[in-house]
Amino acid sequence: MRFEEFVAGRLDRLLRYATALTCDPHLAQDVVQEVLLRAQHRWTRIAALDAPESYVRRMVTNEYLSWRRRRAARNVSATHSTLDALTAPAADHAEQYAERDAMRGRIAALPRKQRAAVVLRYYEDCTDAEIAEALGCSAGTVRSHLSRALSALRAAERGRLPVTEALS
C-alpha cells in the first residue's frame, strides 16, 4: 500500500483518535501532521509491517504522551465557563450532546496515561494487549490505569466533582 492510499483511508480515524486523546482538535491536527510527516519518511519500513495502522496509532500515542516534543504542556479546563469566555456557546440544548461534552471534560481532566487508556479502550475498542503495546507498558498496568480512571470518573459523576478532586 502506498503512503497516499494509507493517509486517504485512515486520516479521519487518526484525527478522531488524536482528538479524543488531546481533547483539542487543533492540537490533534498538529500531532497527526507531525506523525504523518515522520511516517512518510519511513513508509517503506512501516508498510512492510503486519499492522501499519497500529504502528502509526502508536506513533500518535507517543507524540501525545511526549512532553519533550512540545514547548509547553496544555491543560484542558473541565469547566464550561472558561470555554464560554473564549467563544459564544452553541445553542444546542440536546441532553445527549450536553452529557457527551460533560464526559469529555471529565476525561480531559484525567492524567495523560489514564486518558490514553480510556480512549484506546472505549473509543478505539482495543484489547488490554493492544493498549499495553500502544502505551509501552504491561497489560496489568493498563488494567490499573483503566480502574483508576473509571473510579475517578464515577466519583466525579456521583458528586459532580471535578475529576482532579475525585483523583485525590
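Is D125 buried or exposed? I looked this up first and found D125 exposed, at 66% relative accessibility, where exposed means over 50% relative accessible area, buried under 20%, and partly exposed in between, with a 1.4 Å probe and protein chains only.

Notes on the model: it is predicted, so I kept to the rule that local features need pLDDT of at least 70 and side-chain atom pairs count only at pLDDT 80 or more, while totals for chains, interfaces and linings use all residues. Residues are numbered from 1 along each chain as its sequence is written, and side-chain values use heavy atoms, with hydrogens and water left out.

Backbone: I placed D125 in the loop between α7 (112-123) and α8 (128-135), helices being DSSP runs of H or I with at least four residues, numbered from the N terminus. The phi of D125 is near 60°, a positive value in a residue other than glycine. I noted the background that most residues other than glycine have a negative phi. C23 also has a positive phi, near 60°, and C23 sits in the loop between α1 (3-22) and α2 (25-41).

Cysteines: I recorded C23 as partly exposed at 26% relative accessible area, and C137 as partly exposed at 24%. Counting a disulfide as a pair of cysteine sulfur atoms within 2.5 Å, I arrived at zero disulfides.

Helix α6: I checked residues 95-108, which are 14 in number and reach 20 Å from the first C-alpha to the last, close to the 20 Å expected, where the expected span is 1.5 Å times one less than the number of residues. The buried residues of α6 are A102, G105, R106, I107 and A108.

Technical notes. Helix = DSSP H or I, 4+ residues; strand = E, 2+ residues; numbered from the N terminus.
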